[in-house]
Amino acid sequence: MAHKLRPVLILLFIALTMIASGAEGVFYDNEQRLFDDYGLFTEDEAESLNEILLETENEVGFYVSMLIADDNSGGNTNADMVDYVDVYYENEFGIDTDGVMLLISFSPRYYYVSTSGIAIRYLTDDRIEDILDYIYDQMKSGDYYNVGTRFSNRVKHYGDLGIPSNQYNYDTETGDYDYYNRYDYYDDGDFLFGVFYKGDMLSGAACGGIIALIISGIIVLVSVSNYKVKRAKRAVQYLNKSSVRYHQKSDTFIKRYVTKTRINTDSGGGGGGGGSSTHTSSGGGTHGGGGRSF
């Protein structure tokens, strides 16, 4: 049997190699989450803040990033800056991937939270307004490092609370409503065999894992085909039917026990809920968000 399994084992080794190489290629290329195009932070501050954003990202399961726009971003109005940060996010992480990016602009003086993918569900309009409130004093005083840390803390807070049970997306351009159903995201690729992963970040490893499962199934089939075991006889087959008597047996209903489980239907533990207003960027991606001047 060993010689029959040899080609299969070779294929399995190749699949495992694909898993390792796929995972390495995904995580090695892009670890930058702070994009300081303005040159606002020192090198040490930038490194520290980037690490905080990455740590938050690993906890919530979607990209968490921050953009400090330079004066040459091309935006003259707040609306220009909204599209600027939406497209900037798409260029860095892809269209409709799962993530959030905080924009700080000094021309015009405007800060904005842009969401994409599953982050639109987590960070509803009410929650974004809370984040803007949470960092407003630091924005006014120019404490931009703590703007980043407090932004990260609040994103983690809402990541821990989860998506509100009454969440929906409202397309401001078409007027359509899209109510949240967690099982819809199996079709969008955010879950693989019941395990959540961040957008396309594990696509290489996922493909390798699927191939490994297929090959494992082949190994099992080959093993079964080489071991044809006769089924054991049942004990009743050894009995003399003429000497066996069967007695009637009945069950009597005595009592019924019912267990009730409460289903949580609140809006997320008092942390804001409801809808997320969405729009389409000039880059073609769907985004939620909210912002204000400072």
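In which sense do strand S5 and S9 pair, and over how many bridges? Strand S5, residues 168-171, pairs with S9 in the parallel sense over four bridges, where two strands count as paired if DSSP finds at least two bridges between them, and where strands (E, at least two residues) and helices (H or I, at least four) are DSSP runs numbered from the N terminus.

Before I go on, please keep in mind that this is a predicted model, in which local features need pLDDT of at least 70 and side-chain atom pairs count only at pLDDT 80 or more, while totals for chains, interfaces and linings use all residues. Residues are numbered from 1 along each chain as its sequence is written, and side-chain values use heavy atoms, with hydrogens and water left out.

Let me turn to the sheet. Eight strands form an open sheet with mixed pairing, in the order S1-S2-S3-S4-S10-S9-S5-S6. S1 and strand S6 (177-179) stand at the edges with a single partner strand each, so one side of each has no neighbour in the sheet. From one strand to the next, the twist averages 25°. Helix H5, residues 125-134, packs on this sheet and touches S4, S9 and S10, its direction making about 35° with that of S10; contact here means heavy atoms within 4.5 Å, and such angles run from 0 to 180 degrees between N-to-C directions of lines fitted to C-alpha atoms, for helices over the stretch in contact.

Within S9 I would single out serine 277, which is the bridge partner of tyrosine 170. Serine 277 counts as partly exposed because its relative accessibility is 25%, given that buried means under 20% relative accessible area, exposed over 50%, and partly exposed in between, with a 1.4 Å probe and protein chains only. Its side chain makes a polar contact of 2.7 Å with that of aspartate 125, a polar contact being a pair of N or O atoms within 3.5 Å of which, within protein, one must be able to donate a hydrogen and the other to accept it, and residues adjacent in sequence count only if both atoms are side-chain atoms. Leaving aside residues up to four places away in sequence, serine 277 also touches, among others, Thr172, His287 and Gly288.

Finally, helix H3. The buried residues of H3, including Met81, Val85 and Phe93, pack against S1, S2, S3, S4, S9 and S10. Just after H3, glycine 94 takes a positive phi of about 105°.
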